[in-house]
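Please look over the sequence and the structure shown below, and then read how the nonpolar cores and the sheet are put together.

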Amino acid sequence: MQAWQVHENGEPSEVMRLEEVATPTPGDGQVLLKVRAANINFPDVLMCRGHYQVQPPLPFTPGVEVCGETEDGRRVLANPALPYGGFAEYAVADAAGLLPAPESLDDAEAAALHIGYQTGWFGLHRRARLEAGETLLVHAAAGGVGSAAVQLGKAAGATVIGVVGGADKAAVARELGCDVVIDRRAENVIAAVKEATGGRGADVIYDPVGGEAYTQSTKVVAFEGRIVVVGFASGTIPSPGLNHALVKNYAILGLHWGLYNTKNPKLIQHCHEQLTELAARGAIKPLVSERVPLSEAAAAVQRVGDGVTTGRVAVVPSLRNGAAA
């Protein structure tokens, strides 16, 4: 089969190589999946660079979420068991972690319903306890993680403020349903949030960016507000001033979604049921901005790493030069 292999750490476009390799053999409790679609996530970029908390042995195939097909023909969602990731024709996954793919979504959309939306659901509902009528601020609102949080926030009855970088991403954020869109390249984020909220600030802030975005969050979080720390796409991990959290009476909440797989896997299933229901009634629909063939995966992973994409980019092995095989 064909699979992208990383033999050394570095930028995805430089270290990912498309190779002919043996089809992997599942271990105990694992299944072989034919990859129907694999979504590109920022952890794929970080793993290529050697900067992720999980570092699979070299060589490995990136691709941490897929919509795949089991040998008995079931369409499922899975997090592949590395080193046999999803940017390949076949991947390996733990049988216990398989989730049924929602019928209302195509392969690329279904794959995108997994990590980003699960992270959003756990962050907004489990950690921040977002309530209808509250104001939610989402950093990187047009990205894969941010776009999921925007849709989930709107579905929960929140007023959603989206922060983006650039006019094109601002247009995407508006299409996603943001009530207020702030272009950080053209506007003062702090002033714009205060104006939009009448000086009160945001009740919940969803931050997959870190760095300057986190600093801005601390200046616009409302009384008894909650900042959900999801990731550090900026590359800068902030050092919170706990005295500031004390004085302003806000909470800083960490979210590592992957821990629920081992700490409380029943919640993963419950979350998936909630997401499937929301998708079935059209309340959420993953934004898949690009579908690329397997041959273009490395370039697409690099674009995600460079921060120039919107929504999700999906690798679809059945595509050939952008057209269905």
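## The nonpolar cores

In this predicted model, the largest nonpolar core has 78 residues, and of these Phe122 and Leu136 touch the most other members. Helix H11, which covers residues 265-280, gives this core its largest share, namely six residues.

Apart from this core lies another one, made of 16 residues, including Leu137, Val163, Ile205 and Val221. Returning to Leu136, and leaving aside its neighbours within four places in sequence, one finds Leu136 in contact with Leu124, Leu130, Ala149, Gly153, Ala158, Thr159, Val160, Ile161, Val204 and Tyr206.

## The parallel sheet

Six strands, in the order E10-E9-E8-E11-E12-E13, form an open sheet with parallel pairing. Strand E10 (180-183) and strand E13 (251-254) stand at the edges and have a single partner strand each, so one side of each is left without a neighbour in the sheet. From one strand to the next, the twist averages 20°.

Within the sheet, strand E8 (residues 135-139) and strand E9 (residues 159-164) run parallel and are joined by five bridges. For valine 138, the bridge partner in E9 is glycine 162.

## Helices packed on the sheet

Helix H6, formed by residues 167-176, packs on the sheet, where it touches E9 and E10, and its direction makes about 165° with that of E10.

Helix H8, formed by residues 212-220, also packs on the sheet, touching E8, strand E11 (202-207), strand E12 (221-229) and E13, and the direction of H8 makes about 160° with that of E12.

Definitions and conventions
Residues are numbered from 1 along each chain as its sequence is written. This is a predicted model: local features need pLDDT of at least 70, side-chain atom pairs count only at pLDDT 80 or more; totals for chains, interfaces and linings use all residues. Side-chain values use heavy atoms; hydrogens and water are left out. A nonpolar core is a set of buried Ala, Val, Leu, Ile, Met, Phe, Trp, Tyr and Cys residues joined through side-chain atoms within 4.5 Å. Buried means under 20% relative accessible area, exposed over 50%, partly exposed in between (1.4 Å probe, protein chains only). Helices (H or I, at least four residues) and strands (E, at least two) are DSSP runs, numbered from the N terminus. Contact means heavy atoms within 4.5 Å. Two strands pair if DSSP finds at least two bridges between them. Axes are lines fitted to C-alpha atoms, for helices over the stretch in contact, and angles run from 0 to 180 degrees between N-to-C directions.
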